[in-house]
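Please open the model in your viewer and keep the sequence panel beside it, since the tour below moves from one selection to the next.

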Amino acid sequence: MSTFALVDGNSFYASCERVFRPDLAGRPIIVLSNNDGCVVARSAEAKALGIPAFLPFYQVQQLCRKHRVTVFSSNYALYGDMSRRMMNVLSRFAPVQEIYSIDECFLDVTGITDLDSHGHRIRQAVWQGLGIPTCVGMGSSKTLAKLANHVAKKRPEWNGVFEWDWLNPREADRLLAEFAVGEVWGIGRRIAEKLTLMNIHSALDLKQADPRHIKRKFNVVVERTVAELNGVACLALEDVAPAKQQIISSRSFSRLVRDLPSLSASISHHVARAAEKLRAQGCAAGLIGVSIRTNPFRDLGQYHGYTCVPLVHPSADTLLLNQAAQAALRAIWRKEFSYHKAGVILMDIGPATRQQQDMFSPLPDPKRSRLMAAIDKLNRDFGSGTIKLGAEGLTEDWRMKQEKKSPCYTTRVGDIVQLR
DNA sequence: TCTGGGGTCCTAGGACCC
DNA sequence: TCTGGGGTCCTAGGACCC
């Protein structure tokens with residue numbers, strides 16, 4: 001039987017900020033989403049103040065001021081780099097690692113005899129190497145490892161490491177009964193509501209539910225969750241990330257945008273970002289979609305324009321993709337609306353080597369793929385945005401709001417911390 | 001003064017075709 | 001007179017995650 005471990009950074013973004021601001025030890029910290037919109041991370045002290053996650057910032061601004069909470073805009077250059085370092089440290093503790101998100105990964109710890117001390121060594125290594133606190137949860141399925149991680153976080157008596165087999169079956173069930181069904185990985189708000197109506201309230205109730213009944217009422221995904229809660233691993237550890245089937249780049253503007261040139265520049269920017277991700281997974285896209293929308297929270301005329309256009313050949317070429325995207329944008333733009341968000345989506349994604357023969361249209365120029373590779377390398381080596389399309393524009397007043405961003409301590413030379 | 005994230009996959013339903 | 005299947009593709013919206 002396999003054993004999975006889930007390791008994640010506690011309040012990861014807030015912890016990253018604190019690494020470079022030791023003066024904030026023990027102080028409440030929150031980190032905001034793009035555009036300083038919502039609260040996305042809270043230090044333990046901020047959670048204790050009752051600041052909820054994912055609330056718009058302006059709704060908790062008073063509370064933050066009152067308790068002198070330190071507020072940061074999100075600094076993805078910093079978190080991304082800290083994440084790479086953390087994953088690197090964690091990779092030493094298992095033969096197989098699946099990076100699941102920026103702050104968490106699964107490890108295959110099957111066959112390790114002393115899981116307790118292994119878990120504590122993991123925590124210590126990340127703490128010593130990066131100064132980030134972590135928790136480790138272990139179990140015989142990914143879903144149980146996730147839940148074990150939850151236990152490690154919520155119950156200080158376990159010192160940040162928990163494994164289900166340390167309890168006898170009766171004790172384990174008693175603990176499962178203490179978790180609401182909505183806390184189980186894969187069970188969101190809507191499914192939790194439906195389960196509650198079926199008298200399934202806790203993780204234990206779901207574990208003991210009839211899988212066939214669950215499959216009938218929901219789908220195979222929820223059925224799998226039931227099996228996973230029973231210790232039957234249905235979800236394998238994905239050592240290499242599977243190629244994405246769709247790639248989205250989208251963002252809200254810092255202010256409402258009316259004019260076509262600004263929209264056009266932002267679409268060019270999203271095409272460049274999405275195409276870069278596409279090339280990173282060695283793929284080409286056959287379809288590109290463009291979406292522009294008004295602000296649904298405002299009492300103004302509402303409009304969501306969306307269309308997608310097929311490409312003659314599947315492509316990963318930013319310039320070709322951008323031509324298609326700009327045509328799509330012109331087709332959906334209506335001058336009477338003020339726009340709040342724009343984005344592109346790449347679909348019909350397949351390996352870049354896939355090439356259909358077409359008598360009537362010329363094949364793409366091989367020089368262009370070398371150009372794209374050169375652009376990617378420059379942006380990788382010298383920071384993203386080092387080289388970009390002229391079409392992305394030089395006026396950037398619509399770009400996102402980041403009024404409280406910390407320095408890029410680890411990725412920009414001028415921002416390196418200096419000791420005095 | 002005003003402020004509300006971003007990304008991925010799944011599914012239901014409609015259109016169309018044989 | 002009335003009825004009638006099943007597959008594929010596409011899209012919008014739903015659901016989930018962090």
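Begin by selecting Thr3 and displaying its surroundings: leaving aside residues up to four places away in sequence, Thr3 touches Leu107, Asp108, Val109, Thr110, Leu115, Met138, Gly139 and Glu163. In this predicted model, Thr3 is found in the segment before β1, and because its relative accessibility is 12%, under the 20% cut-off, Thr3 counts as buried.

Next, select β1, residues 4-9, together with β7, residues 134-139; the two strands run antiparallel and are joined by six bridges. To follow one of these pairings at the residue level, pick Asp8, whose bridge partner in β7 is Cys135.

Now extend the selection to the sheet, which is open, has mixed pairing and consists of five strands in the order β5-β6-β1-β7-β8. Its edges are formed by β5 (97-101) and β8 (161-163), each of which has a single partner strand, so one side of each is left without a neighbour in the sheet. Neighbouring strands of this sheet are turned against each other by 15° on average, if direction is ignored.

At the β5 edge, show β5 and β6 by themselves: they pair in the antiparallel sense over four bridges, and a hairpin of two residues joins β5 to β6. Within this pair, Ile99 has Cys105 in β6 as its bridge partner.

With the sheet still displayed, add the helices that pack on it. Helix α5, residues 115-130, lies across β1, β6 (104-108), β7 and β8, and runs at about 155° to β7. Helix α6, residues 142-154, also packs on the sheet, where α6 touches β1, β5, β6, β7 and β8, its direction making about 140° with that of β7.

Turn next to DNA strand B, and select the protein residues within 4 Å of it. Which residues are the closest to DNA strand B? Of the 22 residues that surround this strand, the closest are Gln246, Ile248, Ser252, Arg273 and Arg298. β9 (247-257) and α12 (260-280) each supply at least two residues of this surface, and β9 gives the most, with six residues. By class, the surface near DNA strand B has seven nonpolar, nine polar and six charged residues. Among the atoms of DNA strand B within 4 Å of the protein, 58% belong to sugar or phosphate, the rest belonging to bases.

Zoom in on the backbone there, and look for contacts with phosphate oxygens of DNA strand B. A backbone N or O atom of Ile248 lies 2.8 Å from one such oxygen, a polar backbone atom of Ser250 is 2.9 Å from a phosphate oxygen, and for a polar backbone atom of Gln246 the distance is 3.3 Å.

Finally, select DNA strand C, which has 16 residues around it, with Lys146, Gly186, Gly188, Arg190 and Ile191 coming nearest. Of the atoms of DNA strand C within 4 Å of the protein, 90% belong to sugar or phosphate, and the rest to bases. Backbone N or O atoms again lie beside phosphate oxygens of the strand, at 2.3 Å for Gly186, at 3.0 Å for Gly188 and at 3.0 Å for Ile191. The elements that give two or more residues to this surface are β5, α8 (189-197) and β11 (304-315), and α8 gives the most, with three residues. The residues of the surface near DNA strand C divide into eight nonpolar, three polar and five charged.

Methods
Residues numbered from 1 in each chain as written. Chains lettered and ligands numbered in written order. Predicted model: local features only at pLDDT ≥ 70, side-chain atom pairs only at ≥ 80, totals over all residues. Heavy atoms only, no water. Polar contact = N/O pair within 3.5 Å; in protein donor to acceptor, adjacent residues only side chain to side chain. Nonpolar A, V, L, I, M, F, W, Y, C, P; charged D, E, K, R; others polar. Pairing = 2+ DSSP bridges. Axes fitted to C-alpha atoms, helices over the stretch in contact; angles between N-to-C directions. Contact = heavy atoms within 4.5 Å. Buried < 20%, exposed > 50% of the residue type's maximum accessible area, 1.4 Å probe, protein only.
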